[in-house]
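Please find below my note on the model you sent. I have kept to the ligand site and the annotated domain.

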Amino acid sequence: MSKVIPAAGGTTLQRYDQLYIGGEWLTPIDGELIESIDPATGRPWAIVPMGGTQDIDRAVAAARQAFNGPWRRMPGHERATLLRRFADLFLAAIPELAVLESRDNGGLVREHRVSLAAQAQWYQWFASLADKAQGRTIPIDDSVHAFTSRMPVGVVGAVVPWNAPLLATCLKIGAALAAGCTVVVKPAEQTPVTALELARLMHKAGIPPGVFNVVPGYGRTAGAHLVKHPDVNKISFTGEGSTAKQMLRDGADNLKRFTFELGGKAPHIIFADADIDNAINAATASAWRLCGQSCALGSRVLVERPIYEHVVDAFRARAKCVRVGMPFDDTNHMGPQAHEAQLMKTLSYVEAGRQDGAELVAGGHRIVTRGLEEGYFVEPTVFAGVNNTMRIAREEIFGPIASLIPFDGEDEALAIANDTPYGLTAGLWTRDVGRAHRVSSRIEAGMVWVNTYSFLRWSTPYGGFKASGWGRENGIDALDPYLEDRTTVISTTGQFPNLYAT
Ligand code: NAD
């Protein structure tokens with residue numbers, strides 16, 4: 001499926017010119033081939049397919065046929081065996097996948113390797129759940145035997161963003177396949193390649209034709225068609241809130257089921273009694289890791305006033321230590337933004353911070369030093385004197401911008417932390433165990449980290465309050481969003497009275 005072809009200028013382009021549908025590699029019917037841009041160089045690195053609506057139709061038909069075939073009736077432990085085989089192949093492919101993911105979205109190869117190793121465990125976790133979708137017996141009386149059983153929901157559309165393509169795909173397809181659903185993956189237009197590589201591994205693992213399909217494409221065409229499709233039972237989506245609202249409108253006609261993971265504006269609260277050095281380590285990392293391109297990161301750093309200036313100075317000094325550069329160089333700390341529009345968005349928020357009266361204490365510029373000038377690199381950036389009404393404190397930026405907000409006491413910290421439409425993650429640092437419980441229990445977020453940050457495992461449920469989403473991924477209940485419960489009532493006598501006896 002992948003070939004290397006020469007391109008103008010003597011470079012070579014990887015060629016990924018086919019879609020994976022029904023267990024076969026197929027040329028798009030009504031899609032197109034486009035050049036995919038490497039964000040570290042600003043130059044094309046691959047030819048990739050963008051499927052159209054007819055390609056989505058083909059993929060959904062294949063997924064439906066596979067769902068109606070043996071897959072949904074396959075015993076859970078057999079699906080688990082196939083998923084474990086896939087997890088092993090995935091583990092072996094990590095060196096290659098890490099490089100491809102980096103070419104797609106600019107993340108550090110070093111960080112991708114770590115994330116991919118965790119994802120192999122994630123697939124194992126989902127495999128371990130495949131034979132545990134158990135129902136219940138419901139005690140009533142001797143006249144009936146009542147019980148519930150759990151059925152796969154059907155064909156699932158997985159719509160995936162560009163910031164962590166393989167991780168977001170893993171959380172969706174691992175649970176969906178373990179539950180007995182079939183899947184059509186629609187990766188983001190900026191990062192289609194690694195989903196196609198997953199298809200290669202699924203094929204090799206022996207996942208039956210049509211169970212797993214990949215159609216890269218644009219959101220407004222292929223994505224919207226998948227959401228509207230009457231034969232797709234559920235959409236699992238990670239991305240922008242406004243996209244989720246459009247999906248609700250598009251899916252309304254057939255009452256589609258949705259799981260949404262929709263971004264955040266996490267408060268990272270540092271109390272004056274905290275272990276300051278570790279708090280600063282975590283707060284700087286969570287502001288700049290992944291070039292700020294994760295919904296879970298702590299972009300609002302709330303600092304208790306007695307230590308505020310100290311923390312501002314520490315951020316300013318730490319920003320100078322961040323090595324920004326090529327993602328394949330393991331000594332670098334930060335790569336480029338994933339695409340040009342995202343770079344422009346981040347720079348526009350630097351301007352917004354200035355206009356709203358925040359003090360720029362570090363960074364704020366595109367990096368144009370030799371060798372990086374054509375990539376989408378930006379400096380780690382720090383704003384002080386931020387208040388929670390400013391745009392940099394309210395809106396999801398997805399760039400390496402830390403906004404440092406002072407506060408006085410627990411009540412004000414909580415008021416600021418919760419004054420946001422989002423509610424995905426939050427962090428707090430304190431040595432006072434009572435405060436840790438008081439504050440964490442009042443934070444409106446689906447995940448709260450105390451004296452740590454960004455700790456996420458396959459076993460920890462993940463998802464948002466408020467505008468950060470619907471439903472949870474991971475954890476012991478990870479299959480729930482992909483299952484329907486059926487209640488069956490069986491009479492033990494078979495007697496039914498004639499209501500109309502004269
Ligand atoms: P997006 O929501 O537009 O795109 C995410 C995915 O949805 C892509 O696969 C895209 O093709 C698809 N899509 C877009 N419109 C669609 C539609 N109408 N129907 C079906 N699918 C559709 O997000 P984006 O434009 O890539 O990023 C914009 C902003 O969203 C970012 O700057 C960031 O703030 C936020 N974001 C959040 C996350 C997250 O993890 N929560 C991930 C990516 C982006």
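The numbered points below deal with the domain record, then with the ligand and its surroundings.

1. This is a predicted model. The unreviewed UniProt entry carries the annotation "domain: Aldehyde dehydrogenase" for residues 30–487. Across residues 30–487, helix accounts for 40% of the chain and strand for 19%. The C-alpha atoms at the two ends of that range are 43 Å apart.

2. Where is the ligand? The ligand occupies the second largest pocket. A total of 28 residues surround the ligand. The closest of them are Trp162, Lys186, Glu189, Glu240 and Lys345.

3. The shell around the ligand divides by class into 13 nonpolar, 9 polar and 6 charged residues.

4. Which elements supply at least two residues of the shell around the ligand? They are the helices α7 (219–228), α8 (241–251) and α11 (340–355), together with the strand β12 (234–238). The most is given by α7, with 4 residues.

5. Polar atoms of the protein approach the ligand from both backbone and side chain. For the backbone, a polar atom of Gly263 is 2.9 Å from a nitrogen atom of the ligand, and a polar atom of Gly219 is 3.3 Å from an oxygen atom of the ligand. For the side chain, a polar atom of Glu396 lies 3.1 Å from a ligand oxygen atom. On its own the ligand has 810 Å² of accessible area, and the protein covers 87% of this.

Definitions and conventions: Residues numbered from 1 in each chain as written. Predicted model: local features only at pLDDT ≥ 70, side-chain atom pairs only at ≥ 80, totals over all residues. Heavy atoms only, no water. UniProt positions renumbered as here; feature names shortened; annotations may be inferred. Near = heavy atom within 4 Å. Polar contact = N/O pair within 3.5 Å; in protein donor to acceptor, adjacent residues only side chain to side chain. Areas by Shrake-Rupley, 256 points an atom, 1.4 Å probe, with all protein chains shown as cover. 1 Å grid on protein atoms, 1.4 Å probe; cavity = no way out; pocket = protein on both sides within 12 Å on 5 of 7 lines; lining within 4 Å. Sits in = over half its atoms within 2 Å of the grid points. Nonpolar A, V, L, I, M, F, W, Y, C, P; charged D, E, K, R; others polar.
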